[in-house]
Amino acid sequence: MGKFISANWFKIILFICIIFLISMVVTYFPKNITRIIVFAILFIGDYYIWRVFRSWFFSFQRKIKYLLVTLYWLPSYVLIGLMVCVAFYGYQAFVNTLSYAISGAVMIAFSIKFILFIFILLSDTTRVTSYLLHHLFISKNPHKLPKRNKIIIGVGILVSAIFIMLFAWGSLVDAYRFKVVEVTIESSRLPKSFDGFKIVQISDIHFVSWIGTKRFEKAVNIINEQNPDIVVFTGDLVTFKSSEAEEFIPQMKKIKARYGVYAILGNHDYGDYVNWETPEDKVKNMDKLYSIYDKAGWKLLRNEHLQIVNSIQDSITLIGVENWSENKRFPSKGDLGTAMKGISDDDFRILLTHDPSHWQSLHSQNISMDLTLSGHTHGMQFGYIGEKHQISPISLAHRYWQGLHKMFVNNRLQYLYVNTGLGTVGYLSRVGVLPEITLITLKHK
């Protein structure tokens with residue numbers, strides 16, 4: 001037994017750590033249980049790289065060797081340290097900006113390692129294939145397994161280094177480099193007196209991802225500079241708990257629009273990403289969120305509508321629903337039937353709904369909206385958004401993940417705009433997908 005432990009002590013420690021991490025996810029992060037397979041793949045890749053480079057690490061002098069080994073395993077050390085804090089102090093140890101930033105950096109590190117793992121796996125696949133082909137078709141005599149292709153490994157290291165620089169730039173610069181996107185919506189259904197009506201849309205603030213209030217105040221100033229007629233917020237004010245937003249109430253109150261500021265709830269706003277001690281605690285969390293909206297002066301629309309009436313008594317209809325999603329992982333509390341009671345078919349309709357998948361559902365039910373505004377996707381905070389081409393891994397999960405889309409349904413031109421969000425979720429970085437403030441101008445066609 002002693003010999004077994006001495007020979008396999010590293011594997012034993014690694015196995016214990018994995019069991020510990022899984023138990024922490026199940027206990028404190030139940031919403032992420034479905035992602036354990038993804039985490040497992042990342043950990044396998046991490047260990048695979050270690051096995052490949054271990055002898056190279058150990059070829060250096062003692063001090064350099066220990067430094068390299070420590071740097072390599074640092075993300076794992078930090079992750080385990082975070083989970084130990086959660087085990088001792090509960091979920092509250094994780095729900096703060098510092099812990100959130102650190103955990104995001106850890107996940108970026110694992111993801112970049114996984115990129116290197118793909119290249120190593122490619123190299124190993126080619127050499128094993130070469131070995132098998134040689135054995136099967138050239139010579140039956142034992143043949144040594146070829147060495148790994150240094151070019152493939154070198155390219156993998158180079159690509160990983162590029163991603164490190166991209167994510168570092170995305171954290172230090174792009175995460176707070178606000179972009180104003182101007183969009184024009186033309187419709188013959190819009191009352192002429194609303195021609196030139198300006199809507200500013202913001203989405204997915206996720207206050208836990210903001211380090212201090214100054215950067216958010218900068219965003220508020222940019223919003224007010226657009227001189228909007230209304231401001232609409234399309235969900236996810238917080239990530240975990242309503243308390244994240246409390247220190248930002250003074251800045252929220254500064255957002256001004258001629259006809260008011262309106263908001264809806266997103267999937268994160270319900271507190272479903274927290275393992276509450278009692279159901280009453282979750283209810284109190286929601287009550288606090290409603291109170292924050294009241295204090296900020298933002299009108300929260302919960303499956304309801306209202307009329308925006310101008311000076312000559314023309315109107316457009318603003319509809320707001322709670323979160324609705326075709327993905328079962330997210331809560332679907334949106335009730336469009338209740339929200340639309342009493343609305344005339346002649347009204348110009350603007351729908352606020354957090355998840356853009358709702359737009360597809362509307363079409364399948366032949367429900368007409370002149371303009372639908374959504375968020376939720378963040379553009380995965382990684383991609384390229386140009387005038388002609390847009391690329392992001394999130395497109396594999398969402399057909400409509402950013403920008404303007406239009407479609408004729410029931411002989412009615414209908415628009416969808418998907419805002420890529422102001423804040424961040426998962427990791428505090430944006431690569432190619434800047435935090436967005438959308439200025440939408442309505443035009444009578």
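In this predicted model, helix α6, residues 214-225, lies across four strands: β1, β2 (198-202), β3 (230-233) and β14. The direction of α6 makes about 15° with that of β14. A further helix, α8 (residues 279-296), also packs on the sheet. The strands that α8 touches are β3, β4 (261-263) and β5, and its direction is at about 140° to that of β5. Strand β3 thus appears in both lists, under α6 and under α8.

The sheet beneath these contacts is open and has 6 strands. Read across, the order is β1-β14-β2-β3-β4-β5, and the pairing is mixed. Strands β1 (179-187) and β5 (298-300) stand at the edges; each has a single partner strand, so one side of each is left without a neighbour in the sheet. From one strand to the next, the twist averages 25°.

The partner of β1 can be followed in more detail. Strand β14 covers residues 436-444, and it pairs with β1 in the parallel sense over 9 bridges. One residue pair serves to locate this pairing on the model: Val181 has Thr438, in β14, as its bridge partner. Strand β14 is also one of the strands that α6 lies across.

The next topic is enclosed space. How many cavities of 30 Å³ or more does a search of the whole structure find? The search finds 1. The largest cavity has a volume of about 30 Å³. Its lining consists of Ala175, Tyr176, Ser209, Trp210, Leu422, Gly423 and Thr424. By class, these lining residues divide into 4 nonpolar and 3 polar, with no charged residue.

Open space is found in the pockets. The second largest pocket holds about 800 Å³ of space, and 26 residues line it. Those that lie nearest its centre are Pro75, Ala109, Ile112, Lys113 and Ile164. Four helices each give two or more residues to this lining: α2 (36-57), α3 (62-89), α4 (97-138) and α5 (150-172). Which of the elements gives the most to the lining of this pocket? That element is α4, with 8 residues.

The classes of residue around the second largest pocket can be set out in the same way as for the cavity. The pocket lining has 23 nonpolar residues, 2 polar residues and 1 charged residue. In the lining of the largest cavity, by contrast, the charged class is empty.

Key
Residues numbered from 1 in each chain as written. Predicted model: local features only at pLDDT ≥ 70, side-chain atom pairs only at ≥ 80, totals over all residues. Heavy atoms only, no water. 1 Å grid on protein atoms, 1.4 Å probe; cavity = no way out; pocket = protein on both sides within 12 Å on 5 of 7 lines; lining within 4 Å. Points joined across faces, edges and corners; volume = space filled by probe spheres on them. Nonpolar A, V, L, I, M, F, W, Y, C, P; charged D, E, K, R; others polar. Pairing = 2+ DSSP bridges. Axes fitted to C-alpha atoms, helices over the stretch in contact; angles between N-to-C directions. Contact = heavy atoms within 4.5 Å.
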